[in-house]
Structure formats: C-alpha cells, structure tokens
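Work through the exercises below with the sequence and the 3D view open. Try each task before you read its solution.

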Amino acid sequence: MNPAEAPPTEGLLGHPAPTVEPATVVPFVPPITETRGLLSPEPEREPAPESGAPAGSGPHPALGPHPAPGQAPGPEDARPARRRSVAEDTLTPEEWRAAGYTPPMGIPVPELTAGAPGEAPWPDRMRTLLRMPMSERPAFERTARELHPSAGATRNVPRILDLTLRIGELLLASGEAAEDVEAAMLGIAHAYRLDRCEPQVTFTLIGISHQPSLVEPPITADRVVRRRTSDYTRLNAVYELVADITAEKVTVNDAYRRLALIRRNRHPYPGWMLALTTGLLAGAATFLVGGRIDDKAWLVFASAFVAAVLGDRLASTLARRRLPEFYQFVAAAMPAAASGIILSFNDWGLRGSVVITGGLFALLPGRALVAAVQDGLTGFYITAAARLLEVIYLVAGIVIGVMLILYLGVGFEAKLRPDESLAGVTYPPVQMIAAMLLTLAFATLLQTDRRSLALVTLNSGIGWASYGVLAYNAGISPIVATGVAAGLVGLFGQLMARYRNGSALPYVTAAIGPLMPGSALYLGMLSFAQGHASAGLVSVSRAAAIAMALAIGVNLGGEIARMFMKLPVGGERPSLYPVVPRRAAKRTRGF
C-alpha cells in the first residue's frame with residue numbers, strides 16, 4: 001500500500017488506533033507531549049537518514065523501522081502500530097476529563113437496562129432520567145426485538161404520544177404524585193423508542209413534547225384532566241400496564257386494548273356497600289376517639305353510622321344534580337353535626353362530641369393532602385399549590401357544614417363537651433381494633449384491591465401503635481409522634497408496593513386515616529362557635545401542623561425506602577457502564 005493512501009490514525013477521538021499489519025506502512029503520528037499542564041516525556045527524535053537512504057525510511061520508536069521502497073519488511077518490522085505514551089498509561093479517565101481531553105479508551109456512557117418488572121421497577125429507573133436534563137440523559141438499552149431494522153418502520157409518534165397522555169391522565173386522576181406521573185410518561189416514551197421526550201404535568205393539564213432531532217420541529221400533545229376518581233384497583237392495573245410497557249413486552253396496539261379494558265372495568269365494590277362502609281368508618285372513629293366500650297358506646301356508634309350514611313347519600317344526590325364538590329362536603333358534614341347536637345340535649349352523657357368527630361374522620365381529604373405535600377417536596381410547586389388549595393376548599397366546606405349546625409346547637413344551649421373526643425390512648429386494645437377497622441373501611445371506599453386489604457390494615461396497625469407509644473408512653477409531642485408514625489407508614493407502604501409491584505398509594509392513604517387531626521379540627525370549630533376565637537385559632541393551627549407532619553412523614557418514609565434500596569438493573573452489567581444514581585430535585589436556593 002502506498003503510504004499516502006494509508007488510513008489516518010484516530011488519535012484522541014475516543015478509540016485506540018487499530019493494529020497495523022506487518023506489510024502496512026503507517027505514516028508517522030507524533031504522540032502527545034503536553035496535556036494542559038500534564039506533561040509526558042519528550043519522545044525521541046528520529047535520527048537523520050544515512051546517505052543513500054530515502055527520507056522517512058529510518059526507524060521510529062513508536063512505529064518501528066520503515067522499510068525502503070521495494071524492500072520487503074522483515075520479521076523485526078512486525079510491531080504494534082503505535083506504542084502507548086506514558087500519559088496514556090498513567091492518567092486516569094477522570095484526569096483526562098479534568099484536563100479537557102477525551103481519553104484514548106473513550107468516556108464510559110451510563111445506560112439503563114430494560115429489565116423485567118420485578119427486576120427493575122420503572123418508577124426508580126424513570127426518576128433517574130426524569131431528574132436529569134434531556135441532553136445528559138443516558139441512552140436506553142434496547143432489546144433484540146426493538147433493535148430489529150423493521151422496528152422503526154412501524155413507529156407511529158402521534159399514536160405513542162396519545163397513549164402516553166391517556167395513561168398519565170389515569171394516574172393523575174387517581175391521585176398519583178406529579179413526579180410519578182411524569183416518570184410513567186417518560187418510561188412509555190422510552191419503551192417505544194422516543195428518547196428525546198419531555199413530559200410536563202400540572203394539576204389539570206398534562207403534556208409531552210418529542211423532538212426527533214435538532215433540525216426537526218418538535219411534536220407536542222396535551223390532555224386536560226377533568227374528572228378525578230378514587231379507584232386504587234384501576235391504579236394498580238395501570239401500574240402493571242406501565243411495567244409491561246417499560247419492559248418492552250407490550251406493543252402499542254396491545255397497550256391500547258389493555259387500557260380500554262382498564263377503563264371499562266367496573267368498581268370492585270357496589271354503591272350500597274360503599275354507603276355502609278362510610279357509616280362503618282364513622283362508627284369505628286367513635287371508638288377510636290372515645291377510647292372505651294360501655295353501655296353508651298354502641299348507641300354513639302349507631303348514631304355516627306346512620307349520620308355518615310345519610311351524609312353520603314345527600315352528597316351523592318347533590319353530585320347527580322351537578323353541584324360542585326364544595327357544596328357536597330357542606331351537605332355531607334351536616335348530619336353528623338346534627339346527630340351530635342341531638343345526643344347532647346340530655347343528661348345521659350351520650351358523648352355527642354364523639355359523634356361529630358367521627359363524622360369528620362369520614363370526610364377529611366387525606367389523599368389530596370398527601371399528594372399536595374409530596375408534589376411540593378419534589379419540586380412541582382404549581383401542582384402542589386393547586387392541590388393544597390383544593391384541600392383548603394374541601395376542609396372549608398366541612399367546617400362550614402359543621403359550624404352551621406354548631407351555631408344552632410350553641411344557640412339552643414346544647415351541652416357539648418369537647419374533652420369527650422380527646423380521651424387519648426386510654427384503652428389500647430379497643431383503639432387498636434378501631435384504628436384497623438377504620439383503615440379497612442377507608443381502603444374499601446378507595447376501591448382498593450381485595451388482595452391488598454390485609455396489608456393496608458396491617459400497615460395501619462403499625463402506624464397507630466407507634467403513635468401511641470411515642471405520644472403516651474414516651475411523652476413526645478403529638479405532632480412529632482404523628483410525623484414519626486406517618487414516616488413508618490410511608491416506609492412500610494413503599495416496601496409493600498415493591499413486594500406487589502404496584503403503587504404505594506393504596507398502602508399509605510388509608511393507613512394514615514386514624515392519624516388524621518379530626519379531634520383538633522372539631523375542637524377549633526367548637527371554640528369558634530362558642531365565641532372563643534383565640535382558642536379556636538390555636539386548635540385549628542394545631543390541626544394544620546398535625547396534617548403537615550402527617551404528609552411530610554409519609555413522603556419521608558417513602559424517600560428513605562428508595563434511598564437505602566439497591567436500584568435493580570435487570571441483569572449483570574460491566575463496570576464500564578455504571579448505574580446512574582437518582583438525583584434530587586434541583587432547587588433555586590432562594591435566587
């Protein structure tokens with residue numbers, strides 16, 4: 001081969017130069033002598049050719065002697081094409097990168113594997129990508145089916161984006177956190193080979209943008225979430241669908257069919273059962289806050305049961321009349337307050353305040369509160385503010401409904417005793433059973449899968465037992481005890497979700513029901529009704545602090561579970577491709 005036709009050496013482009021065959025003449029390429037302060041030994045100069053020898057035929061320390069034209073190379077000429085310099089043998093890839101050069105062996109590119117749903121949960125893998133800028137996201141490792149040349153020909157970008165939005169809508173409508181919704185959308189887009197995608201979720205609007213390349217216009221689609229449902233059985237089915245999609249087991253058409261089946265599936269529990277469950281929840285709350293079983297406790301239980309069922313039916317009637325949810329909560333809170341006022345018009349000590357507090361437990365929006373705080377802690381401030389405003393409106397509806405009845409009762413000199421609903425943990429076995437029964441009823445109202453009811457109830461028992469030990473045995477502040485107990489609920493809820501490969505919401509939302517600040521909220525409303533504004537403000541502030549501690553504890557428990565769990569990657573990986581750690585949400589740091 002003519003030396004002028006020899007292929008050039010790649011040098012510092014990221015790959016070592018190929019080995020040269022003995023008969024190949026490679027032009028001289030000088031080694032690196034300086035790397036921004038990192039000096040390597042000066043290479044030896046090529047000696048001047050002797051008389052009669054053509055230029056360039058002398059030996060070179062890196063490439064070996066060059067044969068003269070027409071002379072066959074000898075055995076001593078069969079040497080490597082280029083000897084590695086001292087800098088290449090001593091400098092680490094980090095030092096090369098710090099010096100501003102690409103090392104000869106190339107820069108390792110982090111990747112993520114597809115993996116099976118049980119081996120690599122999609123929320124962990126997709127949060128890794130979600131918390132990175134699009135330009136820094138690692139490439140997604142494809143399966144053999146996706147790498148087939150015919151795979152790209154059948155890709156329909158608008159249809160994939162529409163499927164992504166429909167699944168995100170179901171997740172957001174079920175109360176899932178905005179970060180998890182974006183992670184699911186990003187995972188679906190990656191699974192169908194749309195790598196340059198950017199999802200965006202707000203309280204009522206979700207969107208996704210795909211940019212095929214830097215020179216092509218982006219394709220953007222969005223969808224408005226108009227209805228919100230509380231069906232955790234459907235939520236788990238959507239999680240299973242997303243897990244199969246991200247594991248590249250489902251085609252786009254099959255995903256549409258499964259999504260249609262999920263939407264058409266009926267709720268696991270009928271309407272009449274949900275109405276009775278609402279009464280059971282309020283009745284169990286009377287034993288929880290009353291703290292004992294006596295000859296009057298069952299009458300209080302029956303009063304709370306009937307009032308809660310009447311409130312639920314009244315709210316359903318208003319919903320069919322298309323009145324906003326605010327007025328539905330106002331109407332739902334009135335029967336319990338009226339029942340408590342009626343029981344207080346006697347000297348029998350029937351604990352009317354306990355009936356009112358039990359009715360509050362059946363109405364407080366714990367699901368929306370947890371989602372609002374979680375969105376705020378993960379950096380989705382617009383969605384968090386909107387959800388928190390929703391919680392404020394719902395609580396305001398409850399307060400207005402109860403206050404209207406309390407004003408009437410106080411005007412007629414009703415004998416309300418707020419200390420009846422502040423008994424504390426006086427009968428632990430009774431209250432433990434009541435807390436678990438309340439959680440079971442709450443989980444049923446949220447349409448939780450029957451197979452998960454036992455785990456949810458067990459998680460509630462763990463949380464309530466922890467709260468009782470901390471608040472009444474250790475003497476810790478109830479606000480701190482609530483936060484710690486909620487943290488344990490969030491931790492075990494995340495572990496249960498990993499075990500079942502589903503969302504953590506079904507195992508957490510109902511389990512925090514016994515810890516909701518129903519008693520503090522009722523005490524504040526009663527103080528306002530009796531004209532004690534300062535005491536009422538203190539009680540309402542205490543209820544708000546307990547609610548915040550509850551939501552922050554649940555979120556912190558889930559984050560701790562993710563922090564100490566090893567991220568599964570779906571198989572063995574070489575050390576050249578490390579797993580990308582999950583980054584925290586970036587903050588503005590006040591400026």
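**Exercise 1. Describe the hairpin formed by E5 and E6, then follow the pairing onward.**

Step 1. E5 and E6 form a hairpin, with three residues between them. Strands here are DSSP runs of at least two residues (E), and helices are runs of at least four (H or I), numbered from the N terminus.

Step 2. Strand E5 covers residues 197–201 and strand E6 covers residues 205–210. They pair in the antiparallel sense over five bridges. Two strands pair if DSSP finds at least two bridges between them.

Step 3. Look for one bridge: Val 201 has Ile 206 in E6 as its partner.

Step 4. Move on to strand E7, residues 219–224. E6 and E7 run antiparallel and are joined by six bridges. In one of these, Leu 205 is partnered by Val 224 in E7.

**Exercise 2. Decide how far the coordinates can be read.**

Step 1. Note the ground rules. This is a predicted model in which local features need pLDDT of at least 70 and side-chain atom pairs count only at pLDDT 80 or more, while totals for chains, interfaces and linings use all residues. Residues are numbered from 1 along each chain as its sequence is written, and side-chain values use heavy atoms, leaving out hydrogens and water.

Step 2. Check the confidence. The protein chain averages a pLDDT of 74, and 67% of the residues score at least 70. The pLDDT is the predictor's confidence in each residue, from 0 to 100.

Step 3. Find weak stretches. Over residues 3–70 the pLDDT is below 50, and this stretch has 82 contacts in the model beyond near neighbours in sequence. A contact means heavy atoms within 4.5 Å. Residues 585–591 also have a pLDDT below 50, with eight such contacts.

Step 4. Draw the lesson. Where pLDDT is low, the predicted coordinates should not be read in detail.

**Exercise 3. Summarise the protein chain in numbers.**

Step 1. Count the elements: 19 helices and seven strands.

Step 2. Note the burial. Of the 591 residues, 48% are buried. Buried means under 20% relative accessible area, exposed over 50%, and partly exposed in between (1.4 Å probe, protein chains only).

Step 3. Take contacts between residues at least 6 apart in sequence: 73% of them join residues at least 24 apart.

**Exercise 4. Is helix H11 mostly covered or uncovered, and what covers its buried residues?**

Step 1. Locate the helix at residues 352–361. Ten of its ten residues are buried, and H11 is mostly covered. Gly 352, Ile 356 and Phe 361 are among them.

Step 2. Look around it. The cover includes helix H8 (271–290), helix H9 (297–320), helix H10 (325–344), H13, helix H14 (428–445) and helix H18 (518–529).

**Exercise 5. Describe the surroundings of Ile 188.**

Step 1. Place Ile 188 in helix H5, residues 178–191.

Step 2. Read its accessibility. Ile 188 has a relative accessible area of 0%, so it counts as buried.

Step 3. List what Ile 188 touches, leaving out residues up to four places away in sequence: Thr 164, Ile 167, Val 242, Ile 245 and Thr 246.

**Exercise 6. How many salt bridges are there, and where do three of them lie?**

Step 1. Apply the rule: a side-chain nitrogen of Lys or Arg within 4 Å of a carboxyl oxygen of Asp or Glu. The count comes to eight.

Step 2. Start with Arg 263 and Glu 169, at 3.3 Å, N to O. This pair links distant parts of the chain, 94 residues apart: Arg 263 is in helix H7 (residues 252–264) and Glu 169 is in helix H4 (residues 157–173). Both belong to a salt-bridge network with Arg 223.

Step 3. Stay in H7. Asp 254 and Arg 257 lie there three residues apart, about one turn of the helix. Their side chains meet at 2.5 Å, N to O, in a salt bridge. Arg 257 counts as exposed because its relative accessibility is 52%.

Step 4. Finish with Arg 387 and Asp 375, a salt bridge at 2.5 Å, N to O. Arg 387 lies in helix H13 and Asp 375 in helix H12 (residues 366–377), so the pair ties together parts twelve residues apart in sequence. Arg 387 is buried at 4% relative accessibility, and Asp 375 is buried at 0%.
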